[in-house]
Amino acid sequence: MSEKIRILAVDDSKSTLEVLKRNLESQGYDVLTCLRVDEALSLLEEYEIDIVITDFRMPQATGLDLIRHVRENHRDVELMMITGYPSISGAVEAIKDGAGEYLPKPFTSEELQSAMERIVERVQRRRALNAVEVPDETYGIVGNSPGMLRVFRRIGKAAATNANVLISGESGTGKELVARAVHYHSDRRAAPFVPVNCAAIPDSLVESELFGHVKGAFTGAKEARAGFFEIANGGTVFLDEIGDASPNMQAKLLRILQSKEYCKVGSSVVHTVDTRILAATHKDLKRLVEDGSFREDLYYRLHVVDIPVPSLAERGDDILILISNFLVKFSKTMQCPTPSITDDALTALRNYSWPGNVRELENLIQRMVVIVDHDPIEVTDLPPNMRFSLPMEERVDRSLAEVEQEHIKNVLIMTDNNKTRAAEILGINRKTLREKLKRMEEQG
């Protein structure tokens, strides 16, 4: 852990506090302890606390009272409830009031460690979400994962040269942002940056679009027009989705890359151009070359400096920084307060596969800011295909009864202890659910 996590343990049993302190300090945490809720309130004001572990039943004020106070006054603090009086209703009430974990006494060191790992993951996720400071040389691109740091280093090297650059990565990863960063940090920054969508130009217009035409060159050419390369003279042409370029376009591009010369359509006058080429693709150009659908000579002309851009799924906690960035961005656009987002919703977003990458995430956050009229944004506000991406506990050493009990508890928590709705979700009637809950209470 880069910054030590501080835990406040509150219990009216000195022996329990000693067990907690010994176990948690052995795991590398900074631990404060106290016997009463009023002492805990003072410590919360005095110290920066990351996690509060509280007993359920204590004299004067209860653990639930403390949980409610923390939720209302210290929203970034994570909570764990421990109790020697476990019950389904108690667990539901504690979790509804904000306790992230619920641990019945007596607990083993392994059970405590497992619960702590889950809650510490939420602390670290929240820290990442609040991490507004990113490395100095990020070229206006959000992220500090190892993959993105490699991208930033490549941008710096590419910007210092005049070499052609091939930027590869899935759709929506931000390849044009990388291209713009290279251009605007190079010696060509004062000249135009001209993006060209290779897939959008009809084959019959390729030459005219790239090199321009003179008046009367063809039907409809009522006036002369400059092509992309002329407009970008002294600057940069960005060939987006170069893998979709037709054979005709590939031939035209290869010629100008080799000679730096072109003629406008309808003219035999040769023009010289000083234009740098940045190209991007979501396809495997090397494989296209092997298949014969992409020219090998053009590939090597473009592939002087390569910048692979990682997918969002490969960028780890960058997604949390991006979420924070987009929440602020779109809240300013909407002129509304920046909403927060629950841990469960963050976990769902963190575990989603993001086939549309950063573009998909940006569109989602914009939609959430526009349509969600409450704070915080919750799992139920997410699209259905994202709601159920929360990781399930991968344990196979539990009995069928234990699995059933855990599932019933989770459904009750999700439905705010609405037994009628819970029974519907479970596919049983309310009487059967009531009988199962009674057996679970009896088993303790």
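Colleague: In which helix is the place of His183?
Modeller: This is a predicted model, in which residues are numbered from 1 along each chain as its sequence is written, and local features need a pLDDT of at least 70, while side-chain atom pairs count only at pLDDT 80 or more and totals for chains, interfaces and linings use all residues. Side-chain values use heavy atoms, with hydrogens and water left out. Helices (H or I, at least four residues) and strands (E, at least two) are DSSP runs, numbered from the N terminus. Residues 175-184 form one such helix, and the place of His183 is in helix H7.

Colleague: Is His183 buried or exposed?
Modeller: A residue is called buried under 20% relative accessible area, exposed over 50% and partly exposed in between, using a 1.4 Å probe and protein chains only. The relative accessible area of His183 is 0%, so His183 is buried.

Colleague: Which side chain does the side chain of His183 join through a polar contact of 2.7 Å?
Modeller: A polar contact is a pair of N or O atoms within 3.5 Å; within protein, one must be able to donate a hydrogen and the other to accept it, and residues adjacent in sequence count only if both atoms are side-chain atoms. The side chain of His183 also reaches the backbone oxygen of Ala191, at 3.0 Å. The polar contact of 2.7 Å, by contrast, joins the side chain of His183 to that of Thr236.

Colleague: Why does the pair of Phe193 and Phe238 count as stacked?
Modeller: Rings of Phe, Tyr and Trp (its six-membered ring) pair if their centres lie within 6.5 Å, and planes under 30 degrees apart count as stacked, over 60 as edge-to-face and the rest as tilted. By this rule the count comes to eight aromatic pairs. In the pair of Phe193 and Phe238 the ring centres are 5.9 Å apart, and the pair is stacked because the planes stand at 25°.

Colleague: How many residues apart are Phe193 and Phe238?
Modeller: Phe193 belongs to strand E7 (residues 193-197) and Phe238 to strand E10 (residues 236-240), which are distant parts of the chain. Phe193 counts as buried at 9% relative accessibility, and Phe238 counts as buried at 0%. Along the chain, the two residues of this pair are separated by 45 residues.

Colleague: Is the pair of Phe211 and Phe229 stacked or tilted?
Modeller: Phe211 lies in helix H8 (residues 206-211) and Phe229 in helix H9 (residues 228-231), 18 residues apart, and both are buried. Their ring centres are 6.0 Å apart and their planes stand at 40°, so the pair is tilted.

Colleague: Which strands stand at the edges of the open sheet with the order E2-E1-E3-E4-E5?
Modeller: Two strands pair if DSSP finds at least two bridges between them, and this open sheet of five strands has parallel pairing. Within this sheet, strand E3 (residues 51-55) and strand E4 (residues 78-83) pair over five bridges. An edge strand has a single partner strand, so one side of it is left without a neighbour in the sheet, and the strands in that position are E2 (30-34) and E5 (101-104).

Colleague: Which helix packs on the sheet, touching strand E1, E2 and E3?
Modeller: Contact means heavy atoms within 4.5 Å. Axes are lines fitted to C-alpha atoms, for helices over the stretch in contact, and angles run from 0 to 180 degrees between N-to-C directions. With a direction that makes about 165° with that of E1 (6-10), the helix that touches these strands, made of residues 37-46, is H2.

Colleague: How many residues of strand E13 are buried?
Modeller: Strand E13 covers residues 276-281 and is mostly covered. Arg276, Leu278 and Ala280 point one way from E13, whereas Ile277, Ala279 and Thr281 point the other way, and all are buried. Four bridges join E13 to strand E6 (residues 165-168) in parallel, and four join E10 to E13, also in parallel. Of the six residues of E13, the number buried is six.

Colleague: Which element gives the most to the largest nonpolar core?
Modeller: A nonpolar core is a set of buried Ala, Val, Leu, Ile, Met, Phe, Trp, Tyr and Cys residues joined through side-chain atoms within 4.5 Å. The largest has 31 residues, and those with the most contacts inside it are Phe229, Leu239, Ile242 and Phe294. Among the elements that give two or more residues to this core are E7, E10, E13 and helix H10 (247-259). With five residues, the element that gives the most is H10.
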